[in-house]
Amino acid sequence: MKNYLYPADIYLPELSGEKGTKWACVACDQYTSEREYWEAAKEYVKDAPSTLNLMLPEAYLDTESEAIPKINAKMREYLDDGTLACHENSMIYLERVQSDGRVRRGIVGAVDLEEYDYNKGSVTLTRATEGTVLERIPPRVAIRRGAALEMPHIMILIDDPDRTVIEPVAAKAGNYEKAYDFDLMAKSGHVTGYFIDKGDFEGINCALASLCAEGAMKKKYGVDASSLLFAIGDGNHSLASAKALYEEIKAEIGDEAAKAHP
C-alpha cells in the first residue's frame with residue numbers, strides 16, 4: 001500500500017513541567033518586527049534546553065553568518081550530551097489547546113518531498129496555498145545545510161469532511177503512550193502529544209488514500225482535476241526550503257540514493 005504520511009525519527013528532550021514550556025518556541029517567521037518578543041523569550045529560557053537555540057528568528061536575519069554555526073553546534077550538542085532522545089519510526093497524535101480554549105488536533109509525521117511542488121500551477125499531491133517568496137528560501141537552506149536536525153514548523157491541511165483520518169486516532173489517544181503534556185510559552189495554551197501505535201499507521205494511510213482516490217475531486221468539488229491531498233496551511237517557506245535542499249542533495253548523490261535519504 002502506498003504511504004502518504006510517514007513515520008519519522010522524532011527527537012524529544014525531557015518535557016515535564018516547565019522544561020516543556022521552555023523547550024517549545026514559536027515559529028521563526030513570527031514577530032519579525034518585534035525583537036522585544038524574542039528578547040523576552042531568551043530571558044525566560046536562560047540556559048535551559050530550548051528550540052530557541054536551534055532556530056534563527058527572521059527578526060535576526062541580519063545576524064545569519066554569525067548565528068548559523070552556533071545553531072548547528074547547539075544541535076550537535078543536544079544530540080551528543082543526551083538532551084535529545086530518538087523515538088524511531090514514530091508518529092504523534094497532537095492536541096493543542098489554544099489560549100482561547102479551542103482545541104486543534106493533528107498528526108505529526110513526514111511527507112514525501114517528491115510529492116510536493118510549491119510552484120504555481122503544480123499538480124502534485126502536496127501543494128502550497130500561497131505564493132512562495134523565493135528570496136526567503138536561501139537563508140533557510142543555509143541553516144539546513146549543516147544542520148544535524150530538521151525542525152520544521154509546517155501545518156498541513158486535509159479536506160476530510162467525514163473525519164476519517166484524525167478522529168479515529170483521537171478516539172484511541174487514551175490507550176497510547178503519552179509523549180508530552182505541558183503549557184506553552186507566553187500563555188499560548190497547552191499541548192499534549194501521544195505516540196500513535198504502529199499498528200494504526202496503515203489505517204491512517206488507507207484513509208488518506210481514499211481522500212485522493214480517482215474521482216475524489218469530482219465528488220467533492222465538481223471538477224475534473226488532479227488529486228490534491230495535502231495543502232500547506234502554514235510553513236510553506238519551511239517546506240519549500242526543505243525541498244530546495246533536497247534537490248541539492250539529489251543532484252549530488254543521484255536519484256536512486258535520494259529515494260532512501262531521510
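Two strands are said to pair if DSSP finds at least two bridges between them, and in this predicted model that criterion is met by S7 and S10, which pair in the antiparallel sense over three bridges. Within this pairing, Met-155 has Asp-234 of S10 as its bridge partner. On S6, the pairing runs in the parallel sense, with three bridges joining that strand to S10, and here Arg-127 is matched with Ala-231 of S10.

These pairings belong to an open sheet of four strands, whose order is S5-S6-S10-S7 and whose pairing is mixed. Because S5 and S7 (155–157) stand at the edges and have a single partner strand each, one side of each is left without a neighbour in the sheet. As a general point on such elements, the side chains of a regular strand alternate between the two faces of the sheet.

A further pairing is formed by strand S3, residues 92–97, and strand S4, residues 103–108, which are joined in the antiparallel sense by six bridges. Tyr-93 has Ile-107 as its bridge partner in S4. The two strands form a hairpin with five residues between them, and in this hairpin Gly-101 takes a positive phi near 95°.

The sheet can next be considered together with helix H8, which covers residues 236–253. At 1.5 Å a residue, its 18 residues should span 26 Å, and the end C-alpha atoms are 25 Å apart, which agrees with that expectation. The buried residues of H8 include an unbroken run from Asn-236 through His-237, Ser-238, Leu-239, Ala-240, Ser-241 and Ala-242 to Lys-243, and they also include Leu-245, Tyr-246 and Lys-250. Against what do these buried residues of H8 pack? Their partners are strand S5 (116–117), strand S6 (126–128) and strand S10 (230–234), together with helix H4 (137–145) and H9. In general, an α-helix has 3.6 residues a turn, so residues three or four places apart point the same way.

After H8 comes Gly-254, whose phi is positive, near 95°. Helix H9 covers residues 255–259 and contains Ala-257, a residue that is partly exposed, with a relative accessible area of 38%. Between Ala-257 and Gly-174 there are 39 Å in space, C-alpha to C-alpha, and the two are 83 residues apart in sequence.

A contrasting environment is found in helix H6, residues 201–211, where Asn-205 lies. Is Asn-205 buried or exposed? With a relative accessibility of 1%, Asn-205 counts as buried, because buried means under 20%. Leaving aside residues up to four places away in sequence, Asn-205 touches Met-1, Lys-2, Asn-3, Tyr-4, Leu-5 and Met-91.

Several of these names return in the description of internal space. A search of the whole structure finds one cavity of 30 Å³ or more, and about 70 Å³ of space lies in the largest cavity. Lys-2, Asn-3, Tyr-4 and Tyr-6 are among the residues that line this cavity, as are Val-111, Asp-112, Glu-115, Leu-125, Thr-126 and Phe-230. By class, the lining of the largest cavity divides into five nonpolar, two polar and three charged residues.

Open space is described separately, and the second largest pocket holds about 370 Å³. Its lining is made of 15 residues, of which Lys-42, Leu-52, Asn-53, Met-55 and Ala-67 lie nearest its centre. Helix H2 (35–45) and helix H3 (64–80) each supply at least two residues of this lining, and the largest share, five residues, comes from H3. Eight nonpolar, two polar and five charged residues make up the lining of the second largest pocket.

Two loop residues remain to be considered for their backbone angles. Most residues other than glycine have a negative phi. Tyr-31, although not a glycine, has a positive phi of about 50°; Tyr-31 is found in the loop between helix H1 (18–23) and H2, where its relative accessible area of 34% makes it partly exposed. Arg-163, likewise not a glycine, has a positive phi of about 55°. Arg-163 has its place in the loop between S7 and helix H5 (166–171), and, with a relative accessible area of 56%, Arg-163 is exposed.

How values were computed: Residues numbered from 1 in each chain as written. Predicted model: local features only at pLDDT ≥ 70, side-chain atom pairs only at ≥ 80, totals over all residues. Heavy atoms only, no water. 1 Å grid on protein atoms, 1.4 Å probe; cavity = no way out; pocket = protein on both sides within 12 Å on 5 of 7 lines; lining within 4 Å. Points joined across faces, edges and corners; volume = space filled by probe spheres on them. Nonpolar A, V, L, I, M, F, W, Y, C, P; charged D, E, K, R; others polar. Buried < 20%, exposed > 50% of the residue type's maximum accessible area, 1.4 Å probe, protein only. Contact = heavy atoms within 4.5 Å. Expected span 1.5 Å × (residues − 1).
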